[in-house]
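Dear colleague,

Please find below the sequence and structure that I am handing over to you. My notes on what was found follow directly after.

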Amino acid sequence: MLASSAILRRQQFLIRSLGGYSNQTHAERMQATKVVAGTHFEADAETILRTITPKLDSSRHKGQAGKIAIIGGCREYTGAPYFAAISALKIGADLSHVFCTKDAATVIKSYSPEIIVHPILEESYSIKEDEKRSISAKVLAEVSKWMERFDCLVVGPGLGRDPFLLDCVSEIMKLARKSQIPIVIDGDGLFLVTNNLDLVSGYRLAVLTPNVNEYKRLVQKVLNCEVSDEGVTEELLSLARRIGGTTILRKGKSDLVSDGETVNTVSTFGSPRRCGGQGDILSGSVAVFSSWARQQTPSAEEESSGSTPNPMVLGCIAASALLRKAASVAFENKKRGTLTTDIIECLGKSLEDICPAN
Ligand SMILES: NC(=O)C1=CN([C@@H]2O[C@H](COP(=O)(O)OP(=O)(O)OC[C@H]3O[C@@H](n4cnc5c(N)ncnc54)[C@H](OP(=O)(O)O)[C@@H]3O)[C@@H](O)[C@H]2O)[C@@H](O)CC1
Ligand SMILES: Nc1ncnc2c1ncn2[C@@H]1O[C@H](COP(=O)(O)OP(=O)(O)OP(=O)(O)O)[C@@H](O)[C@H]1O
Ligand SMILES: [Mg+2]
């Protein structure tokens with residue numbers, strides 16, 4: 001277990017080192033960083049949100065606020081990749097792509113003209129055994145044409161579990177990693193990664209966003225034990241360390257974020273509605289906010305101390321806080337009838353309340 005004073009120093013440094021929008025003094029930011037219980041902290045998420053969100057500046061061109069790609073969408077699931085892609089745009093990304101199967105592509109296009117859809121993935125049922133190698137190479141070639149342009153990939157929303165499709169997605173992930181493109185892994189992407197940990201092991205630009213089931217599978221596989229209700233912080237720290245510093249956002253009543261060095265919580269109340277799709281909003285949002293956090297240039301102080309805040313952690317905290325706020329606003333209006341699309345509609349206004357556009 002890390003000494004809590006060391007974690008506190010790092011957490012305070014993380015908040016302190018953020019400049020930009022915030023008018024808070026150093027002392028106020030220190031005050032805002034509360035020790036919750038021994039080794040984990042309630043993050044000052046609104047300060048982080050304000051700080052990493054870029055100003056709307058007339059000198060910026062299309063693409064500079066983020067180009068995000070979702071790898072997901074198959075016969076069964078078309079909602080999940082759409083939710084992730086549209087959420088990225090509603091928060092402020094400039095371009096949002098979806099790489100999915102042919103069956104899913106037309107459906108996703110019909111939800112929104114804003115999303116750029118690539119119908120390139122194939123499932124086993126639609127191809128013959130002897131075509132697999134050539135199709136796999138074709139899929140990889142198609143994605144690699146675009147890869148360097150993306151600020152972040154989100155792998156998994158609505159991907160399904162077809163073995164051939166997942167093999168192709170493994171190759172896409174290896175390519176992204178080689179190109180140092182950050183990857184947010186959610187849904188069926190977590191099913192893939194849990195069974196192939198090498199895909200993310202030691203990759204600091206990866207974020208895993210497990211829900212309760214996905215977390216259980218990860219703990220069983222990586223730590224070789226069952227999820228414990230006690231020692232929640234230590235368990236998450238061990239998990240992140242064993243995977244080699246990949247950031248983990250454990251979703252639940254409180255969201256917990258760790259890269260193996262600190263554990264931050266976001267526990268502001270969101271909504272009591274648990275409709276499917278909220279995790280997809282979150283994965284698209286993490287992609288945008290972590291890309292924005294990566295754009296921040298570290299100060300000389302941070303560089304020399306070697307403890308620059310981890311942008312993937314900042315992205316998770318910001319995304320969690322915004323989703324919770326949007327969910328609470330949507331619930332105020334729609335109560336039991338609240339759906340994921342209602343929450344998506346509240347993303348823009350919720351961000352505006354925290355971080356005004358002008
Ligand atoms: N509107 C949409 O399009 C939405 C689509 N969504 C998409 O759905 C996908 C699955 O995500 P989820 O959240 O349902 O998975 P999760 O909680 O791990 O599993 C729940 C239970 O189901 C089971 N199970 C799942 N898949 C299975 C399979 N292929 N074959 C057999 N069993 C399977 C699973 O079993 P287990 O893995 O534990 O064996 C567990 O008991 C993912 O792509 C997500 O993005 C969501 O984002 C919501 C909105
Ligand atoms: N019990 C809870 N109380 C309050 N908020 C919660 C609770 N569980 C989850 N959330 C919020 O909902 C978000 C989505 O988490 P959830 O566990 O529903 O993901 P998921 O199962 O992957 O969703 P999806 O249906 O998109 O796959 C979390 O980030 C968290 O903020
Ligand atoms: Mg999910």
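**Ligand shell and overall features**

By class, the shell around ligand 1 comprises four nonpolar, eight polar and four charged residues. Please note that this is a predicted model.

In total, 16 residues surround ligand 1, and the closest are Gly79, Ala80, Gly187, Asn213 and Gly276. Four helices each supply at least two residues of this shell: H4 (79-91), H8 (187-194), H9 (212-222) and H11 (278-295).

**Overall architecture**

The protein is built from 15 helices and 11 strands. Of its 358 residues, 49% count as buried. Among contacts between residues at least 6 apart in sequence, 71% join residues at least 24 apart.

**Positions annotated in UniProt**

An unreviewed UniProt entry lists the following under "binding site": Gly158, Asn211, Val212, Asn213, Glu214, Tyr215, Lys216, Arg217 and Asp280. One of these, Asn213, is also among the closest residues to ligand 1. I looked further at two of the listed positions, Val212 and Asp280.

Valine 212 is found in helix H9, one of the helices that supply at least two residues of the shell. Valine 212 has 10 other C-beta atoms within 10 Å and is therefore exposed, the cut-off for that class being 12 or fewer.

Aspartate 280 has its place in helix H11, which likewise supplies at least two residues of the shell. Because 30 other C-beta atoms lie within 10 Å of aspartate 280, this residue is buried; the cut-off here is 20 or more. Leaving aside neighbours within four places in sequence, aspartate 280 is in contact with Ala80, Phe83, Ala84 and Pro157. Of these partners, Ala80 is also listed among the closest residues to ligand 1.

**Confidence**

The protein averages a pLDDT of 90, and 87% of the residues score at least 70. Over residues 1-10, however, the pLDDT is below 50, and beyond near neighbours in sequence this stretch has 13 contacts in the model. Residues 16-38 also have a pLDDT below 50, with 40 contacts in the model beyond near neighbours in sequence. Where pLDDT is low, the predicted coordinates should not be read in detail. The model as a whole scores ipTM 0.93 and pTM 0.91.

With kind regards

Definitions and conventions:
Residues are numbered from 1 along each chain as its sequence is written. Chains are lettered from A and ligands numbered from 1 in the order in which they are written. This is a predicted model: local features need pLDDT of at least 70, side-chain atom pairs count only at pLDDT 80 or more; totals for chains, interfaces and linings use all residues. A residue is near a molecule or strand if its C-beta atom, placed from the backbone, lies within 6 Å of it. Ala, Val, Leu, Ile, Met, Phe, Trp, Tyr, Cys and Pro count as nonpolar, Asp, Glu, Lys and Arg as charged, and the others, Gly among them, as polar. Two residues are in contact if their C-beta atoms, placed from the backbone, lie within 7 Å. UniProt positions are given in the numbering used here, feature names are shortened, and annotations may be inferred rather than shown by experiment. pLDDT is the predictor's confidence in each residue, from 0 to 100.
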